[in-house]
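Colleague: I'd like to learn how to read a model like this one, feature by feature. Could you take me through it?

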Amino acid sequence: MIRVMGMTAGGSLNQFKTIKEARKANLRWIWVDFSQPTEREGKELSRTFSFHPLAIEDCVEKGYQRPKFDSYHQYIFLVLHHLSKDTYEAEEIDIFVNDKMIVTWHYDQLKMVDEIWNRQLTGEGLAEEHNPIGLLHSILDITVDDYFPSVYGIEDVLNSIEEKTDENSSHDLMDRLFDVRHDMQKLRRSLVPTRDLLYRLLNGTNVALTREQQLYFSDVYDHVIKLTEMLESYREFSSDIRDNYISVSSDKMNNIMMTLTVITTIFMPLSFLAGLYGMNFVYIPELEFEYGYFVLLSVMMFIAIVMFIVFRKIGWLQFSRSKKKKRRRIFRR
């Protein structure tokens, strides 16, 4: 579907049925929106607007294109990633802009483009939107702002994982943590190039921005920087949770191994004595002693108690009381 809108010389916004009809009118600027375009409609990019073949190739190819900023002789070309509120997947939108036109191209039905389009037609659009650069700012502003709920949602998930560390099994916790880190990586792959894109837009000589327009685009740039810094801090936070959990798990495993070692060590002399007197020899002096069995059991119990006391004195049996406190201290933020 191709939608066409333009501002007449008198300052009114009109919608046109075709691009040809709009080009015949005396317009200050024109906005052409290609929404879910067909292959035939895609030919208008070269036939009507004579855009560069490389830019057209970036548009018509449905593969993943990272956000970027390209400058051509009479226009600039931008690739943006808008985050879907329904699926939380990146939706690509390609934009051609100069002082006289703005052309948007997207294979997905973008609600934010529809929102900007409808408020222009209903007269609810902001004054700064009444030009191609202003419309570009509105698209960028909504695109960036729609990342905030997802980024704040990541913070909530990380806090939830941290608070319920003791209640979750190791597999559940690590699965959730790596899912969150995967989501952060996807967001970062979109936001970092968008930050570079806005930097080039603000500091390049290809786009003549007024002082007022620079303020608006700088505000969007600040939002992108805030989002990227939040993601970096959340990545460090998630790494701390992962490392601390691995440390606690390792400590727990060491405690288990220590318990088994203590038990094995205590039973080693007992097993030796039991094995010694279990040998099948006829002449063993103590075998004919009337109370030899009870004496042997007493000696074995005495050895076990002495070893238990010695192990406790050297601190091998103190982990059972400090384990819970240690875990809480490690996971305290």
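Modeller: Sure, we'll go from the whole chain down to single side chains.

Colleague: What should I know about the model before I start?

Modeller: It is a predicted model, so local features need pLDDT of at least 70 and side-chain atom pairs count only at pLDDT 80 or more, while totals for chains, interfaces and linings use all residues. Residues are numbered from 1 along each chain as its sequence is written, and side-chain values use heavy atoms, with hydrogens and water left out.

Colleague: How many helices and strands does the chain have?

Modeller: Helices (H or I, at least four residues) and strands (E, at least two) are DSSP runs, numbered from the N terminus. Here the chain has 11 helices and 7 strands.

Colleague: And what share of the 333 residues is buried?

Modeller: Buried means under 20% relative accessible area, exposed over 50%, and partly exposed in between, with a 1.4 Å probe and protein chains only. By that reading, 41% of the 333 residues are buried. The accessible surface (Shrake-Rupley method, 1.4 Å probe; for residues, only the protein chains shown count as cover) is about 19,700 Å², and carbon and sulfur atoms account for 54% of that.

Colleague: How do I read the contacts?

Modeller: A contact means heavy atoms within 4.5 Å. Taking contacts between residues at least 6 apart in sequence, 64% join residues at least 24 apart. For a single case, try serine 35 in strand E3 (residues 27–35). Leaving out residues up to four places away in sequence, serine 35 touches Met1, His106, Asp108 and Gln109.

Colleague: Is serine 35 buried or exposed?

Modeller: Serine 35 counts as buried, because its relative accessibility is 2%.

Colleague: Let's do salt bridges. What's the idea?

Modeller: Side chains of opposite charge can pair when their charged atoms come close. The cut-off is a side-chain nitrogen of Lys or Arg within 4 Å of a carboxyl oxygen of Asp or Glu. This structure holds 9 salt bridges. One of them joins arginine 47 and glutamate 44, at 2.8 Å from N to O.

Colleague: Where do arginine 47 and glutamate 44 sit relative to each other in helix H3?

Modeller: An α-helix has 3.6 residues a turn, so residues three or four places apart point the same way. Arginine 47 and glutamate 44 are 3 residues apart in helix H3 (residues 44–47), separated by about one helical turn. Their surroundings are worth a look too: arginine 47 is exposed at 54%, whereas glutamate 44 is buried at 17%.

Colleague: Which residue forms a salt bridge with arginine 119?

Modeller: That's glutamate 115, with 3.6 Å from N to O. The two are 4 residues apart in helix H5, again about one helical turn. Glutamate 115 is partly exposed at 44%, but arginine 119 is among the buried residues of H5 (residues 111–121), which also include Trp117 and Asp114. Asp114 is linked with Arg3 and Asp33 in a network of salt bridges. After H5 comes glycine 123, with a positive phi near 80 degrees.

Colleague: Which parts of the chain does the pair of glutamate 89 and lysine 186 tie together?

Modeller: In that salt bridge the closest N and O atoms are 3.4 Å apart. Glutamate 89 lies in the loop between strand E5 (76–83) and strand E6 (90–97) and lysine 186 in helix H8, so the pair ties together parts that are 97 residues apart in sequence. Glutamate 89 is partly exposed at 42%, and lysine 186 is partly exposed at 27%.

Colleague: Last topic: how are surface patches read?

Modeller: Patches use residues with over 30% relative accessible area and no salt bridge; like charges are joined within 9 Å, and nonpolar side chains (Val, Leu, Ile, Met, Phe, Trp, Tyr) within 5 Å. Lys and Arg count as positive and Asp and Glu as negative, with His and the chain ends not counted. A charge is placed at NZ of Lys, CZ of Arg, CG of Asp or CD of Glu.

Colleague: Which residues form the negative patch?

Modeller: Asp172, Asp175, Asp179 and Asp183. Aspartate 172 is in helix H8 (residues 170–203) and is partly exposed at 46%.

Colleague: And which residues make the nonpolar patch?

Modeller: Tyr291, Tyr293, Phe294, Val295, Leu297 and Val299, covering about 610 Å². Tyrosine 293 lies in helix H10 (residues 292–313) and is exposed at 55%.
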